[in-house]
Amino acid sequence: MAQQVFAYIIHKEGVADDTALEMIAAARKLDPDASVAAVIAGAGAELDAVCRELVSSFSEVWKIDNEALAYVNAEVLRRMLVRILPKDGIVLVPHEHFGMDLAPGLSIMLDAAYLPDAVDFEGVEDGKLKAVREEYTGQVSTHVHCDISQGAVITVRPGSFKADESKSASGKIVDKTAEAMEGGLPGGARRFLEVVEAEVGDVDITKSDVLVSVGRGIEDEDNLEMIFDLAEAMGADISCSRPIVDAKWLEKSRQVGTSGQTVKPKVYMALGISGAFQHVGGIKGAPFIIAINKNPKAPIFQAADVGIVDDILDFIPELTDRINEMKG
Amino acid sequence: MEILVCIKRAPDTSENEIEVNRDGTDIERDDLVYSVNEWDNYAVEEAIQIRDKMGGSVTVVTVGDEDDEEVIRREMAMGADHGILLSDETFKGSDGRGISAILKAEVEKKNYDLILTGAQADDGAGQVGGILAAMLDWPYASLVNFIDVIDDKKIKVGREIAGGNQEMHEIDLPCVLSIQTGINEPRYVGIRGIRKVASLEIPVHTAGDLGIAPESVGESGARTKRLDYFVPELGEGAEILEGSTEEIIDKLLEFLKAKGGIK
């Protein structure tokens with residue numbers, strides 16, 4: 001494969017995101033001989049710090065350094081990237097909130113194929129990449145052919161490739177700022193205003209040792225009572241998955257997941273939670289995970305240590321009674 | 001404000017276990033319960049709320065066949081003013097780019113101020129909004145969980161980012177937004193509402209009506225193609241506790257005590 005591979009680097013406060021080294025692993029799976037160039041945008045000293053960190057892992061680090069990118073707006077960056085990237089390149093972007101904002105439109109502007117949320121690559125043949133994706137929140141997988149011969153933008157699911165920590169490159173930093181700014185600062189139709197920080201709830205679940213976490217399987221707001229009872233009996237705090245917050249049954253500060261809180265308990269009990277990767281991505285520190293779900297195929301059973309296949313509406317009240325009996 | 005919402009009919013995953021069919025060509029569809037894609041339903045609710053405040057109309061559109069009419073009717077029962085079905089043999093096998101090209105042709109038939117899509121659907125791709133915006137050369141924001149209409153030229157939007165934080169932007173109209181769940185509380189649609197729209201004629205626009213070259217969409221225009229469905233090889237996974245409920249609880253309590261799960 002003669003096409004150049006690029007990895008878009010997400011960073012914060014002068015440190016590259018965990019996905020940076022995962023992108024190298026993904027690129028090597030795509031093409032074992034690939035020389036992978038990192039592409040990074042930001043401003044000033046923070047950007048320079050990340051670039052210095054990246055040269056040990058990438059053969060080249062293409063940086064775009066501009067005050068207007070101190071907080072990167074995908075609408076601005078996309079138009080800059082089109083000015084610097086070759087049309088037939090393969091661009092890997094992490095499939096998270098920024099990548100999802102940037103990547104689909106980038107593929108159109110580069111006239112490249114778009115492959116979203118890849119979790120694995122299984123080789124390239126006749127210009128066609130065979131990739132693995134998941135559908136229906138991970139209940140089934142698919143093989144997908146993507147014609148990358150005229151270039152491709154591929155978003156890669158965070159955590160699906162093992163980070164390449166070999167630090168085997170001694171790359172160079174290539175300043176692409178002038179090229180990216182040719183014709184002026186683009187993308188003015190969407191103007192970044194501010195980041196509104198999440199409201200802090202009455203309980204900080206990121207500090208909890210034991211979490212009783214409730215999901216869609218609770219079915220009705222009135223049923224939450226049994227979760228409160230169980231948590232009280234166990235001396236646990238209550239967290240939840242996204243549908244419970246969407247329904248406004250619990251506050252956003254209790255949501256575990258990539259768009260919610262990252263928790264590090266000792267014990268995590270997932271009740272009626274299917275276990276989409278966005279949810280599991282918010283559970284760190286290798287807790288002991290207990291999953292109770294009536295669907296034996298729910299992905300949560302892959303993440304859990306111990307599983308019980310049952311309807312939580314039947315199981316929870318019995319469990320609570322037993323705990324209360326035990327405690328006398 | 002003229003608003004177009006792009007919707008899709010999808011199996012309701014909270015009601016269904018999804019399984020691969022025998023030869024891996026599709027999922028087992030016989031017993032599936034279909035509805036409007038969850039994210040799209042939030043998008044339609046948001047469009048209705050904006051219309052009720054600002055005036056104008058809400059149109060829902062989908063690419064599909066006669067089976068997909070039901071989700072158009074459902075969203076019209078919810079309060080959308082118009083529904084359009086984009087349907088043609090040549091559309092079959094379209095990838096995200098093809099679907100977006102078809103939608104673009106429909107968008108260009110009228111002067112819309114705002115286009116909403118769901119942030120993602122059952123395939124988890126989350127691509128149509130961003131691709132459509134780039135094809136139209138309109139500004140775009142993804143994962144939108146807040147909209148405030150400032151005037152007929154611009155709106156303020158919030159994007160859902162990591163850690164429960166929200167990224168605020170001002171964005172010029174016309175624009176495309178992909179809507180995240182939780183932005184509102186979609187209204188309930190009752191049987192009576194569905195009955196009222198049951199006999200409405202849903203206009204169907206074909207490739208010819210839209211001036212779409214057949215080779216640019218469908219399988220021939222697709223650069224990505226699903227080859228098969230399969231059940232991933234799973235790791236060991238959880239130790240599943242078995243027995244009577246009482247026995248299961250006995251074992252669970254042992255684990256909880258050992259791991260510090262009961263204080």
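Helices and strands here are DSSP runs, numbered from the N terminus, and the angle between two helices is taken between their N-to-C directions, on a scale from 0 to 180 degrees. The model under discussion is predicted.

With that convention, helix H6 (residues 224-234) of chain A packs against helix H10 (residues 312-327) of chain A at an angle of about 25°, their axes lying 9 Å apart. Because angles under 35 degrees count as roughly parallel, H6(A) is described as roughly parallel to H10(A). The crossing of H6(A) past H10(A) is left-handed. On the H6(A) side, the residues that meet H10(A) are Met226(A), Ile227(A), Asp229(A), Leu230(A), Ala233(A) and Met234(A). Their counterparts in H10(A) are Ile316(A), Pro317(A), Leu319(A), Thr320(A), Ile323(A) and Asn324(A). Sorted by class, the contact of H6(A) with H10(A) comprises nine nonpolar, two polar and one charged residues.

H6(A) also lies across strands of chain A, namely E14 (210-214), E15 and E16 (267-271), and runs at about 170° to E14(A). These strands belong to an open sheet of six, with parallel pairing, in the order E15(A)-E14(A)-E16(A)-E17(A)-E18(A)-E13(B). At its edges stand strand E15 (237-240) of chain A and strand E13 (239-240) of chain B; each has a single partner strand, so one side of each is left without a neighbour in the sheet. The link between the chains in this sheet is made by strand E18 (residues 306-309) of chain A, which runs parallel to E13(B) and is joined to E13(B) by two bridges. Within this pairing, Gly307(A) stands opposite Ile240(B).

A second sheet also draws on both chains. It is open, has ten strands with mixed pairing, and follows the order E13(A)-E9(B)-E8(B)-E7(B)-E10(B)-E6(B)-E1(B)-E4(B)-E5(B)-E11(B). Its edge strands are E13 (190-196) of chain A and E11 (204-205) of chain B, each of which pairs on one side only. At the chain A edge, E13(A) pairs with strand E9 (residues 166-172) of chain B in the antiparallel sense over six bridges, and Val196(A) stands opposite Gln166(B). Elsewhere in the sheet, strand E4 (residues 57-63) of chain B and strand E5 (residues 82-86) of chain B are parallel, with five bridges between them. One of the residues paired here is Thr59(B), whose bridge partner in E5(B) is His82(B).

The loop that follows E9(B) holds a cis peptide bond. Pro174(B) is found in the loop between E9 and strand E10 (175-179) of chain B, and the bond from Leu173(B) to Pro174(B) is cis, with omega near -5°. A helix of the other chain also meets this sheet: helix H4 (residues 97-109) of chain A lies across strand E7 (140-149) and strand E8 (154-160) of chain B, at about 105° to E7(B).

Taken as a whole, the interface brings 73 residues of chain A into contact with 70 residues of chain B. Strand E10 (residues 140-147) of chain A gives the most to the chain A side, with eight residues. By class, that side has 34 nonpolar, 18 polar and 21 charged residues.

Chain A itself is divided into domain 1 (5-181) and domain 2 (205-327). The C-alpha centres of these two domains of chain A lie 34 Å apart, and their contact takes seven residues from each of domain 1 and domain 2. The side of domain 1 of chain A that touches domain 2 has one nonpolar, four polar and two charged residues.

Two local backbone features fall within chain A. Asp117(A), in strand E7 (residues 113-118) of chain A, has a phi near 55°, a positive value in a residue other than glycine. Strands E8 (residues 120-125) and E9 (residues 128-135) of chain A pair in the antiparallel sense over four bridges, with Leu129(A) as the bridge partner of Val124(A). E8(A) and E9(A) form a hairpin with two residues between them, and Asp126(A) in the turn has a positive phi of about 50°.

In chain B, helix H3 (residues 96-107) packs on helix H4 (residues 128-136) at an angle of about 55°, with the axes 9 Å apart. H3(B) and H4(B) are therefore oblique to each other, and H3(B) passes H4(B) in a right-handed crossing. The contact of H3(B) with H4(B) has nine nonpolar, two polar and two charged residues.

Terms used: Residues are numbered from 1 along each chain as its sequence is written. Chains are lettered from A and ligands numbered from 1 in the order in which they are written. This is a predicted model: local features need pLDDT of at least 70, side-chain atom pairs count only at pLDDT 80 or more; totals for chains, interfaces and linings use all residues. Two strands pair if DSSP finds at least two bridges between them. Two residues are in contact if their C-beta atoms, placed from the backbone, lie within 7 Å. Angles under 35 degrees count as roughly parallel, over 145 as roughly antiparallel, 65 to 115 as roughly perpendicular and the rest as oblique. A crossing is left-handed if the near helix is turned anticlockwise from the far one by less than a right angle, and right-handed if clockwise. Ala, Val, Leu, Ile, Met, Phe, Trp, Tyr, Cys and Pro count as nonpolar, Asp, Glu, Lys and Arg as charged, and the others, Gly among them, as polar. Domain bounds come from an automatic or database domain assignment.
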